[in-house]
Amino acid sequence: MIVVIVALESELASQPLPAEAKLIHSGVGKVNAALAASEAIGRFRPRLVVNYGTAGAVHPGAHGLLHVGRVIQRDMDAEPLAPRGATPFGSVPRMIESGEPGICCATGDSFVCAPDPWLKAQGADVVDMELFAIAETCRRAGVPWWACKYVTDSADESAADDWNARVGAGEVFFLDALARRLAARTAS
């Protein structure tokens, strides 16, 4: 079994998932995502946790459905105790890798509507609000994770309108990518 975690029904709801997949709608943000991932891992003991959701582009080349290779926290800012992105006094890494090639996603509990030079300096391609929490929960539980993000906006002043207009547009692309991923795992 695999678990697919998506924040909102508006991102993924109209198409059925493969039989081996259990869909979880977590709600928005890192706390909701971590709780949903933890509960799903404890209840279903999946062989893989998948996160799909929308994202804002902070790199001009980011568009469409993107596979995530690494994720960072963009809103952990405990300076001067630790540099931005690092959780002080703990074992949470600054970056979590999926083990596969892909873009860099920066997670935080804010909807990005303006440029942030720190994101560019970190090599972030897109921003979201859930993935880091899911990836850290998986890392702690020893469960592999895989993530796809569909770019709905350019993380600028029109981001909210653009997101609202495109929130469900990536569903068919994600379901195709998921089907190909599961077929490749079955064949190997």
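**Close-ups of a predicted model**

**View 1. Strand β6, wrapped up by its surroundings.** Strand β6 (residues 103-107) has five of its five residues buried, so the rest of the structure largely encloses it. We're looking at a predicted model here, as in every view below. Neither face of β6 is left open: I103, C105 and T107 are buried on one side, and C104 and A106 are buried on the other.

**View 2. The neighbours of β6.** Which strands pair with β6? One is β4 (residues 65-73), which runs parallel to β6 and is joined to it by five bridges. To find your way around this pairing, look for V68, whose bridge partner in β6 is I103. Strand β7 (residues 126-128) also pairs with β6 in the parallel sense, this time over three bridges. Here T107 is a handy landmark, with D128 of β7 as its bridge partner.

**View 3. D128 and K149, a buried charged pair.** Stay with D128 and you'll find it in a salt bridge with K149, where the closest N and O atoms are 2.9 Å apart. D128 sits in strand β7 and K149 in strand β8 (residues 145-153), so to speak a link between distant parts of the chain, 21 residues apart. Are these two buried or exposed? D128 counts as buried at 2% relative accessibility, and K149 counts as buried too, at 0%.

**View 4. D75 and K30, a tie across the chain.** The structure holds eight salt bridges, and this one brings the side chains of D75 and K30 together at 2.7 Å, N to O. D75 is in the loop between β4 and β5 (95-97) while K30 belongs to helix α1 (residues 30-44), so the pair ties together parts that are 45 residues apart in sequence. D75 is partly exposed, with a relative accessible area of 30%, whereas K30 counts as buried at 14%.

**View 5. Helix α3 and its salt-bridge network.** Eight of the eleven residues of helix α3 (residues 131-141) are buried, so the helix is largely enclosed by the rest of the structure. Among them are L131, F132, I134 and C138. E136 is on the buried list as well, at 7% relative accessibility, and its side chain meets that of R139 in a salt bridge (2.7 Å, N to O). Both residues lie in α3, three residues apart, which is about one turn of the helix. R139 is partly exposed, with a relative accessible area of 38%. Add R140 and you have a network of salt bridges linking E136, R139 and R140. Just after α3 comes G142, with a positive phi near 75°.

Definitions and conventions: Residues numbered from 1 in each chain as written. Predicted model: local features only at pLDDT ≥ 70, side-chain atom pairs only at ≥ 80, totals over all residues. Heavy atoms only, no water. Buried < 20%, exposed > 50% of the residue type's maximum accessible area, 1.4 Å probe, protein only. Helix = DSSP H or I, 4+ residues; strand = E, 2+ residues; numbered from the N terminus. Pairing = 2+ DSSP bridges. Salt bridge = Lys/Arg side-chain N within 4 Å of Asp/Glu carboxyl O.
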